[in-house]
Amino acid sequence: MGISPEGARRFHVAAALNAKAKVSMSRFEPNSYINYDMLRSNIDIVRKRLNRPLTLSEKIVYGHLDDPAGQEIVRGRTYLRLRPDRVAMQDATAQMAMLQFISSGLPKVAVPSTIHCDHLIEAQIGGAQDLQRAKEVNHEVYNFLASAGAKYGVGFWKPGSGIIHQIILENYAYPGVMLIGTDSHTPNGGGLGCICIGVGGADAVDVMAGIPWELKCPNVIGVKLTGTLSGWTSPKDVILKVAGILTVKGGTGAIVEYHGPGVDSISCTGMATICNMGAEIGATTSVFPFNHRMKTYLEKTGRGEIAALANENQDLLVPDSGCHYDQIIEINLSELKPHINGPFTPDLAHPVSDIGSVAEKNGWPLDVKVGLIGSCTNSSYEDMGRAASLAKQALDKGLKCKAQFTVTPGSEQIRATIERDGYAKLLRDVGGVVLANACGPCIGQWDRRDVKKGEKNTIVTSFNRNFTARNDANPATHAFVTSPEIVTALAIAGTLKFNPETDFLTAPNGEKFKLVPPTGDELPARDFDPGQDTYQHPPPDGSGLKVDVNPQSNRLQLLEPFDRWSGNDLEDLRVLIKVKGKCTTDHISAAGPWLKFRGHLDNISNNLLIGAVNIENDAVNKIRNLLTGEFGGVPDVARHYKKHNVSWVVVGDENYGEGSSREHAALEPRHLGGRAIIVKSFARIHGEYEIFLPLEAKRHLPIDFNSSVWSVNRNKLEETGPAPLKAVIKHSDGSSETIELNHTFNETQIEWFQAGSALNRMKALQK
């Protein structure tokens with residue numbers, strides 16, 4: 001049975017049903033087309049079947065069904081087979097994704113796809129110097145990605161082009177599109193009326209190979225916005241407030257759909273900010289309805305034809321009247337106050353007016369060491385303009401930032417435009433360092449030297465995530481996330497006790513003054529300055545090109561397929577570690593300096609669970625080797641077990657694997673001999689990897705650290721749904737007990753698991 005790459009081109013064929021629908025979706029991809037007629041046809045089929053009004057997210061998701069007439073659709077229960085329009089990959093995850101695609105044996109990607117070089121640039125000195133250093137250090141990886149893209153038909157955005165999500169918003173996103181990206185903050189595109197979902201590299205490979213992509217039919221959480229944003233309150237405060245309400249797991253299994261009259265007071269890029277950070281509540285994605293703010297943004301970014309076409313099809317791009325939401329949250333923007341969330345988790349929400357007293361009460365450092373603005377969440381022209389307006393006020397009074405201050409433009413287009421319009425100069429003059437157009441400190445790519453590791457300190461950022469040690473590898477850093485405006489104000493004041501709405505600053509001449517609420521244009525009065533050309537389009541035929549991977553490389557490694565399931569039960573499994581508390585993908589597979597090994601599975605496996613806390617001794621990266629009785633690092637013990645043919649399991653708590661769409665956190669355990677992960681619950685993406693057995697227990701997991709051995713009965717794997725598996729726990733005193741565990745696989749994922757991986761199954765189908 002062959003896999004047809006044409007299967008996934010349904011929304012891209014040049015022979016569109018309606019000639020008016022044949023509008024090129026990007027100046028970089030003249031052969032990619034929008035087909036609202038196909039979307040409308042599918043929606044009409046589903047609406048007649050369900051006989052009810054549809055939410056916006058339902059329209060877009062169900063409009064991309066592989067079989068709209070026959071697909072079973074039950075929110076929160078059934079699995080949908082979907083045909084996404086395109087794929088986007090950032091350079092850290094693209095390495096493994098492209099290595100997997102090469103292993104598939106297919107000649108070319110089936111849907112428009114792009115690679116974006118944004119994760120491997122470390123912030124050290126400043127934009128130009130850091131970019132040049134990254135090009136030299138990562139030359140081998142960039143060359144691999146560029147050549148693989150050229151051979152297999154994937155567009156390549158060179159280092160310095162900007163952050164993947166900003167590039168997508170500027171070039172590829174459009175109302176009604178379904179896009180999957182190998183980064184958890186892919187939902188950023190929801191600010192332009194898209195369904196953009198973060199996935200692991202294996203899912204991206206499936207779509208690039210022309211295989212229908214499976215997604216559990218999401219519930220829909222409605223967030224009704226009323227009132228109007230004003231003063232110090234920004235779009236970021238909406239999602240900071242929602243995170244405080246829903247927590248880091250409250251959105252799991254759901255799409256968050258914003259609606260209501262308050263939507264029109266938020267800019268398109270502001271909506272993108274809200275959708276971007278929706279990843280921190282565990283949501284599948286977030287989306288806003290099409291409106292005039294999106295239309296204007298499309299026009300300003302050179303996509304006027306698309307804006308006009310979306311306007312003609314607006315009924316497809318807004319929710320139906322009377323549609324049903326599984327949960328509704330109401331926020332009055334006129335009453336919303338500026339927020340700041342943290343430390344150590346993005347759902348610990350505080351009004352800015354309270355954070356000083358809360359910090360004092362909890363013993364959090366009050367002095368702000370560094371303020372950091374930018375990242376994929378908040379690096380728009382509007383964000384930079386509002387921050388620059390505060391910088392100008394401080395400069396006019398003779399003040400500069402008391403804290404260190406960094407600025408990360410979201411794209412080369414943003415960098416060039418804020419340079420032209422004077423914003424970058426204001427931000428530099430107030431004490432800022434403009435970094436490269438890249439992720440930088442947001443993902444731990446920060447060579448921070450102002451504090452020692454272990455030194456307690458506070459930083460404030462406009463980023464989206466603030467897990468322990470994420471930004472600077474220092475577990476004692478108290479990181480808070482807030483808006484760029486509040487970051488700038490706190491960097492100028494130098495303390496968490498400063499409330500810009502009420503407090504005064506003191507000028508060098510002794511004059512006391514208040515900062516006026518920030519202002520900034522939503523879009524530049526003149527057109528955007530595109531800056532340097534950083535895009536490489538793939539040739540029409542790359543079949544004759546070669547992709548080299550040096551067998552001696554410590555950065556890249558061709559993949560060997562995982563072994564198939566033998567059909568037997570899992571027996572004599574040792575417990576590698578029982579993790580205490582929160583265990584994100586940063587704990588499982590750290591980023592920062594480890595990013596350079598993302599294309600080399602064996603080398604990056606040396607960071608397996610080195611950030612997780614061992615419940616036996618409250619230590620990090622110190623676990624008992626049950627074969628020797630000695631303590632060692634987690635990867636070292638895992639390798640010792642593998643060498644001695646001992647399989648093992650990891651035991652965890654709730655929402656295991658939250659955070660980045662980081663499939664290395666799934667690949668590494670399997671590579672080092674892990675066979676199952678047993679937890680109370682999984683985060684959305686992590687529980688869907690088919691290379692290990694994801695098991696959920698609904699009660700306390702009894703563990704004997706000395707010699708616990710598990711046996712897992714897998715006969716039930718032929719059944720779909722939550723059919724329980726039995727696990728026998730054998731204790732060192734000779735006793736044993738049996739508990740029930742639920743796997744999280746659907747029918748297709750079971751097939752993939754039995755084959756060893758989805759890629760193994762894909763190759764088998766091609767024979």
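**View 1. The nonpolar cores of the predicted model.** In this predicted model, the largest nonpolar core has 171 residues, and those with the most contacts inside it are Leu225, Tyr258 and Phe288. A second core, separate from that one, has 25 residues, among them Ile588, Val634, Ala665 and Leu672.

**View 2. The surroundings of Phe288.** When residues up to four places away in sequence are not counted, Phe288 touches Leu56, Gly190, Gly193, Leu225, Tyr258, Val263, Ile266, Met271, Ile274, Cys275 and Met294. Two of these neighbours, Leu225 and Tyr258, are named together with Phe288 as the residues with the most contacts inside the largest nonpolar core.

**View 3. The aromatic pair of Phe101 and Tyr152.** The count of aromatic pairs comes to 10. In one of them, Phe101 and Tyr152 meet edge-to-face, with 5.5 Å from centre to centre and 80 degrees between the planes. This pair links distant parts of the chain, since Phe101 belongs to helix 3 (residues 91-104) and Tyr152 to helix 5 (residues 139-152), 51 residues apart. Phe101 is buried with a relative accessible area of 0%, and Tyr152 is likewise buried, with a value of 9%. Lys151 lies over the face of Tyr152, at 5.8 Å from the ring centre.

**View 4. The aromatic pair of Tyr381 and Phe528.** The ring centres of Tyr381 and Phe528 are 6.3 Å apart and their planes stand at 85 degrees, so the pair is edge-to-face. Because Tyr381 lies in helix 13 (residues 381-396) and Phe528 in the loop between strand 22 (512-513) and strand 23 (535-536), the pair ties together parts that are 147 residues apart in sequence. Tyr381 and Phe528 are both buried.

**View 5. A ring cluster and a charge over a ring.** Trp157, Tyr172 and Tyr535 are linked into a cluster by ring pairs. In a further close-up, Lys622 has its charged end over the ring of Phe631, 5.9 Å from the centre of that ring.

**View 6. Backbone features in three loops.** Most peptide bonds are trans, and most residues other than glycine have a negative phi. Gly342 and Pro343, however, are joined by a cis peptide bond with an omega of about 0 degrees, and Pro343 has its place in the loop between strand 14 (339-341) and strand 15 (349-351). Ser375, although not a glycine, has a positive phi of about 80 degrees; Ser375 is found in the loop between strand 16 (368-374) and helix 13, and counts as buried at 0% relative accessibility. Asn655, also not a glycine, has a positive phi of about 55 degrees. Asn655 is found in the loop between strand 29 (648-651) and helix 20 (664-671), where Asn655 counts as buried at 5% relative accessibility.

Key: Residues numbered from 1 in each chain as written. Predicted model: local features only at pLDDT ≥ 70, side-chain atom pairs only at ≥ 80, totals over all residues. Heavy atoms only, no water. Core = buried A, V, L, I, M, F, W, Y, C linked by side-chain atoms within 4.5 Å. Buried < 20%, exposed > 50% of the residue type's maximum accessible area, 1.4 Å probe, protein only. Contact = heavy atoms within 4.5 Å. Phe/Tyr/Trp six-rings, centres within 6.5 Å; stacked < 30°, edge-to-face > 60°. Helix = DSSP H or I, 4+ residues; strand = E, 2+ residues; numbered from the N terminus. Lys NZ or Arg CZ within 6 Å of the ring centre and 35° of its normal.
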